[in-house]
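Grab a pencil and work through these short exercises on aromatic rings. Each task comes with a solution, so try it yourself before reading on.

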Amino acid sequence: MSENRRSFHFAWIVLIGLSIMAGFARGGINTAGGLFLTPVSQDLKIGMGSLTLYFSISALVILIFLPLAGKMMAKYEIKFLLIIATILQAGSFAMFGFMNSVWGWYIFSIPMAIGSIFVAQMAGPVLINNWFKKSNGLAIGIMMAAVGMFGAVLQPLAGNLIASEGWRSTYKILGVLVIAVVVPVILLTIRKSPRDKGLQPYGGEVESTGDQDAVSFDERGVTAAVARKSSAFYALVLFFFLITSVGSFAPHVGPFAMGLGYDVQFAGNVMGFFMLGLLIGSLTFGFMSDKIGAKNTAIFAMLTGLVAVALLIMLATNPLVFRIGIGIYGFVTASIGVLGPLLTSAVFGNREYSQIYATAAIGLAVAGIVALPAYGFVYDMAGSYTPVLYTIAVMLILNIGAVIFAFRGKKKLEQEGLWN
């Protein structure tokens, strides 16, 4: 065990691989989609609401496939799954560049969503939970910070490519780039659990030298069956729904900017600010969660979100303030990838973490079905995103209540002797 402690733990290699994979899949493909909406809508004469329905189709596929994805990750070789998932997600994204009808987006959004479940949602939290018994919050924060870092580069790149090469070529370039980079990274770095390398989890080797209660503490919590019947679970699902609805505005930042008179290059650069905010938020929330707990960090994040919304409602026509507001918005959006998993383990423990997280994340999928196209239709009807921003402010306030209620539900589970 002492030798394991002195050496560089393989958990950090896994984290590097996850960070690169999530950076390209989530910070590149998932977020860049919004930059294409206005050019595609104008070129093919498709309404914004009709085009953004493909996001809803993706979310519906995620909703249906998410429970099966959790079982597949437990049953099959993780590298094989992630390679297939990368090809599905990035390959489908590249295929958008060949489409001439909105039906192309509807059809290819299905395999893209299936791939995204593994590489952009499930793999990070589940594998980090397997590999890290110490500094779990920091590890998730680092991974999501990588999403922001890669996005801060890829979003302006995408915006400039759309302006210079056109949206069709940009779809193809980004899709092929992601496959070319991510597949080798998966082969070299990803392992399902420490047992595959004959290791203890990071931090586990320290605990195993002390009393046995320290080892068993990491496995405490409630079963998935108990969790799903608790008020805390429904509060957590509500949190996922609301924070994902807040984050679902990200693909509309480009149209929002261009609707105010900014050009596509400015919109791409602003998305760089968004991703920079996501980077800083990810590290901040991961660090804060380890220090003051996921509950207090989540409340702080929601309050910060209200500041961003206020700036975007009142001063969006000022280019500098717009950049700052979008940067803060990106900071808050880090809550989805960082605080969602951390709140799940804080409320329900690690006993059956992956099953509980996969089920609670259904709130994420439902939000995608509802929020993404709703924002587009509101814009089509109102000619402005201002009503959307007021709605987002209300959701941030409601989410503070959801977090408080979730931890009250945890206390009830403890009092009933179900949290052990």
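**Exercise 1.** How many aromatic pairs does the structure hold?

*Solution.* Keep in mind that this is a predicted model. Going through it gives 32 aromatic pairs.

**Exercise 2.** Work out how the rings of Y262 and F266 are arranged, then sort both residues by burial.

*Solution.* Start with the geometry: the ring centres are 4.1 Å apart, and the planes meet at 20°. Planes under 30 degrees apart count as stacked, so Y262 and F266 make a stacked pair. Next comes burial, where the cut-off is under 20% relative accessible area. Y262 has 13% relative accessibility, so Y262 is buried. F266 comes in at 11%, so F266 is buried too.

**Exercise 3.** Now do the same for F300 and F331, and find where they sit in the chain.

*Solution.* Here the centres are 6.5 Å apart and the planes are at 80°, an edge-to-face pair. F300 belongs to helix α16 (residues 294–314) and F331 to helix α17 (residues 319–348). With these positions 31 residues apart, the pair links distant parts of the chain. As for burial, F300 has 36% relative accessibility, so it is partly exposed. F331 has 12%, so it counts as buried.

**Exercise 4.** Which residues form one aromatic cluster with Y262 and F266?

*Solution.* Add F249, F256, F322, Y329, Y375, Y379 and Y385 to those two, and you've got the cluster.

**Exercise 5.** Which ring does the charged end of K172 sit over?

*Solution.* It's the ring of F98, with the charged end 4.1 Å from the ring centre.

Methods: Residues are numbered from 1 along each chain as its sequence is written. This is a predicted model: local features need pLDDT of at least 70, side-chain atom pairs count only at pLDDT 80 or more; totals for chains, interfaces and linings use all residues. Side-chain values use heavy atoms; hydrogens and water are left out. Rings of Phe, Tyr and Trp (its six-membered ring) pair if their centres lie within 6.5 Å; planes under 30 degrees apart count as stacked, over 60 as edge-to-face and the rest as tilted. Buried means under 20% relative accessible area, exposed over 50%, partly exposed in between (1.4 Å probe, protein chains only). Helices (H or I, at least four residues) and strands (E, at least two) are DSSP runs, numbered from the N terminus. A charge sits over a ring if NZ of Lys or CZ of Arg is within 6 Å of the ring centre and within 35 degrees of the ring normal.
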